[in-house]
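User: I should like to learn how to read the features of a protein model with DNA, one at a time. Please give the general idea where there is one, and then the case at hand.

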Number of protein chains: 2
Amino acid sequence: MPPANRLLSALPSKDRRRFLSGCESVKLAFGDVLTEPGDPIRHVYFPTQSFISLVMPVSGHSGLEVGLVGDEGMLGISLSLGVDRSPFHAVVQGEGMALRLDAARFCHELALSSALQGVLKRYIAVVLGQLAQTAACSRFHVVEARLARWLLMSGDRAHSPTFHVTHDFLAYMLGVRRVGVTKAASSLRARGLIGYRRGDITIVDRAALESVCCGCYAADNTVYAKVMG
Amino acid sequence: MPPANRLLSALPSKDRRRFLSGCESVKLAFGDVLTEPGDPIRHVYFPTQSFISLVMPVSGHSGLEVGLVGDEGMLGISLSLGVDRSPFHAVVQGEGMALRLDAARFCHELALSSALQGVLKRYIAVVLGQLAQTAACSRFHVVEARLARWLLMSGDRAHSPTFHVTHDFLAYMLGVRRVGVTKAASSLRARGLIGYRRGDITIVDRAALESVCCGCYAADNTVYAKVMG
DNA sequence: CGACGTCTGGACGCTGGCGCACAGAAGGGG
DNA sequence: CCCCTTCTGTGCGCCAGCGTCCAGACGTCG
């Protein structure tokens with residue numbers, strides 16, 4: 001069985017088969033930009049092995065990552081709300097496969113499957129909570145804790161303790177200086193929680209990393225499990 | 001004609017009449033707590049003259065306001081997503097009237113009106129964008145700019161340049177110290193942009209306040225107009 | 001194998017906001 | 001009318017993160 005997307009796995013098999021038959025499997029490459037804020041949504045994506053960052057740009061600043069979409073979610077939910085523009089800058093963070101569907105076809109399929117409608121609505125409710133959580137987190141928590149959270153979230157979505165990301169890129173996601181990331185990361189490494197080398201990061205001691213990270217990580221997971229499971 | 005809620009005004013008159021007949025008009029008092037995170041949603045509210053803060057609590061911190069709901073929105077959207085729990089702490093910020101509907105009845109009405117479904121879906125899309133905007137704003141912008149934004153948003157929803165709020169409360173909303181608010185507010189007052197006295201704040205020079213405030217205020221309004229208008 | 005680009009690691013002073021503590025001013029209730 | 005609560009204003013030392021610059025380490029590609 002090939003790796004799947006959890007939203008689609010939740011569908012009854014008839015709806016799922018029907019939906020999958022309309023999808024194409026594409027490989028997303030690191031750094032690919034899938035949507036720009038304000039631009040029309042051409043495709044929706046259901047990551048299977050890949051994952052995607054949602055970044056909110058701010059004038060005069062680098063932008064801030066407000067969401068991470070992996071096999072537990074989808075990119076382009078706005079479409080299911082009847083809005084054809086993306087509010088976010090979406091950039092591929094973890095290379096890998098995703099299922100893709102063009103906008104018109106997605107809307108068509110959505111209209112045909114009330115099961116899909118239900119799953120996506122609940123997913124949107126989760127996203128609402130996660131956005132709020134992220135807002136509070138990036139306001140209050142120190143870089144080290146937020147870095148830990150990011151690594152855990154990415155590790156989950158990469159289905160692997162190792163993935164590719166530079167300090168520079170992390171700084172962009174977290175909305176801090178690159179130097180700040182280097183400092184936090186080297187501290188985590190010194191304590192044996194993670195390892196890294198020229199853009200490849202490895203989670204070494206997951207449990208310890210969880211204890212360093214803020215409660216937002218656990219909160220997110222709890223909400224997801226409660227609403228979706 | 002009594003003051004209305006803009007979401008409901010957007011409905012075709014038949015649907016609107018039907019929906020309104022199921023609503024009760026209630027007065028919301030300053031400080032009333034309407035939902036707690038994780039608690040079941042008993043009622044949904046469509047403010048007409050009142051407005052409501054959505055606050056995301058964070059362990060070890062005071063919490064952060066992530067949204068403001070006035071006559072342009074509603075409280076309890078999660079219900080329309082099939083989720084009966086509120087992710088937020090919702091507290092009445094501006095005293096006044098609102099239309100209230102109990103949860104079961106709301107779901108029933110929603111099922112009957114596809115126009116209402118459409119409006120609320122678009123509203124949710126707006127909220128998604130606003131949450132992201134707020135996340136970035138509270139990460140990057142200085143207290144003074146954020147305060148200005150908050151005052152403008154509240155002024156809009158209060159339909160009046162004057163409304164009641166103490167520095168203490170503002171600090172809670174913005175996730176900063178009360179002293180930080182006092183400093184920013186007194187600076188704005190010294191420049192003649194606002195006035196205040198023991199909890200009553202007045203916007204004196206709206207245009208100047210807009211120029212002090214970050215672009216997030218304008219961005220929010222633009223998105224709302226584009227998606228809802 | 002050498003040169004260049006990329007990635008990581010320090011160092012500098014600076015500042016916005018923090019935590020705390022205290023003092024004056026305005027109102028409201030007994 | 002006085003006391004007590006609430007609200008606003010100020011002054012401390014402190015620190016996380018900022019902006020900037022430079023240096024070393026690693027890889028890759030010509």
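User: Which backbone atoms lie beside a phosphate oxygen of DNA strand D, and at what distance?

Analyst: The model is a predicted one, and a pair of N or O atoms is read as a polar contact within 3.5 Å. A backbone N or O atom of G199(B) is placed 2.8 Å from a phosphate oxygen of DNA strand D. Two further residues are to be read in this way: V143(A), with a backbone N or O atom at 2.9 Å from a phosphate oxygen of the strand, and H167(B), also with a backbone N or O atom at 2.9 Å from a phosphate oxygen.

User: Which residues come nearest to DNA strand D, and how are the contacted DNA atoms divided between backbone and bases?

Analyst: There are 18 residues around DNA strand D, and those that come nearest are R177(A), R197(A), R178(B), R189(B) and R198(B). Of the strand's atoms within 4 Å of the protein, 51% belong to sugar or phosphate, and the rest belong to bases. The residues of this surface comprise seven charged, six nonpolar and five polar. Helix α7 (residues 178–190) of chain B gives the most to it, with four residues.

User: What does the surface near DNA strand C consist of?

Analyst: The surface near DNA strand C divides into six nonpolar, five polar and seven charged residues. Its largest share, four residues, comes from helix α7 (residues 178–190) of chain A. Of the 18 residues around the strand, R178(A), R189(A), Y196(A), R177(B) and R197(B) come nearest. Sugar or phosphate accounts for 52% of the atoms of DNA strand C within 4 Å of the protein, and bases account for the rest.

User: Which polar atoms lie beside DNA strand C?

Analyst: A polar side-chain atom of Y196(A) lies 2.7 Å from a phosphate oxygen of DNA strand C. For G199(A), a backbone N or O atom is 2.9 Å from a phosphate oxygen of the strand. A base is involved as well: an N or O atom in the side chain of R198(B) is 3.3 Å from a base nitrogen of DNA strand C.

User: How should the relation between chain A and chain B be read?

Analyst: In general, two copies of a chain are related by a rotation about an axis and a shift along it. Here, a rotation of 180 degrees with 0.0 Å of shift along its axis superposes chain A on chain B, with an RMSD of 0.0 Å. The two copies are therefore related as by a two-fold rotation axis. The same surface serves both copies, since 100% of the contact residues of chain A recur in chain B. Of the residues of chain A, A135(A) comes closest to the axis, with its C-alpha at 1.9 Å.

User: Which residues touch the most other members of the largest nonpolar core?

Analyst: In soluble globular proteins, nonpolar side chains tend to be buried together. The largest nonpolar core here has 102 residues, and F106(A) and F106(B) touch the most other members. Beyond its neighbours within four places in sequence, F106(A) is in contact with F19(A), V44(A), F46(A), M74(A), L79(A), S80(A), L101(A) and L120(A).

User: Is E109(B) buried or exposed, and what does it touch?

Analyst: The cut-off for buried is under 20% relative accessible area. E109(B) has 4% relative accessibility and therefore counts as buried. Its place is in helix α3 (residues 103–112) of chain B. Not counting residues up to four places away in sequence, E109(B) touches R18(B) and F19(B).

User: How many residues of helix α6 of chain B are buried, and what follows the helix?

Analyst: Helix α6 (residues 167–174) of chain B is mostly covered, with six of its eight residues buried. The buried residues are H167(B), F169(B), L170(B), A171(B), M173(B) and L174(B). G175(B) follows α6(B) and has a positive phi, near 70 degrees.

User: Where does a residue other than glycine have a positive phi?

Analyst: R198(A) is such a residue, with phi near 45 degrees. R198(A) has its place in the loop between β9 (194–197) and β10 (200–203) of chain A, and is exposed, with a relative accessible area of 79%. H159(B) also has a positive phi, of about 55 degrees, although not a glycine. H159(B) lies in the loop between α5 (143–158) and β8 (162–164) of chain B, and its relative accessible area of 43% makes H159(B) partly exposed.

Note on methods:
Residues are numbered from 1 along each chain as its sequence is written. Chains are lettered from A and ligands numbered from 1 in the order in which they are written. This is a predicted model: local features need pLDDT of at least 70, side-chain atom pairs count only at pLDDT 80 or more; totals for chains, interfaces and linings use all residues. Side-chain values use heavy atoms; hydrogens and water are left out. A residue is near a molecule or strand if one of its heavy atoms lies within 4 Å of it. A polar contact is a pair of N or O atoms within 3.5 Å; within protein, one must be able to donate a hydrogen and the other to accept it, and residues adjacent in sequence count only if both atoms are side-chain atoms. Helices (H or I, at least four residues) and strands (E, at least two) are DSSP runs, numbered from the N terminus. Ala, Val, Leu, Ile, Met, Phe, Trp, Tyr, Cys and Pro count as nonpolar, Asp, Glu, Lys and Arg as charged, and the others, Gly among them, as polar. A nonpolar core is a set of buried Ala, Val, Leu, Ile, Met, Phe, Trp, Tyr and Cys residues joined through side-chain atoms within 4.5 Å. Buried means under 20% relative accessible area, exposed over 50%, partly exposed in between (1.4 Å probe, protein chains only). Contact means heavy atoms within 4.5 Å. Copies are superposed by least squares on the C-alpha atoms of residues with pLDDT of at least 70 in both.
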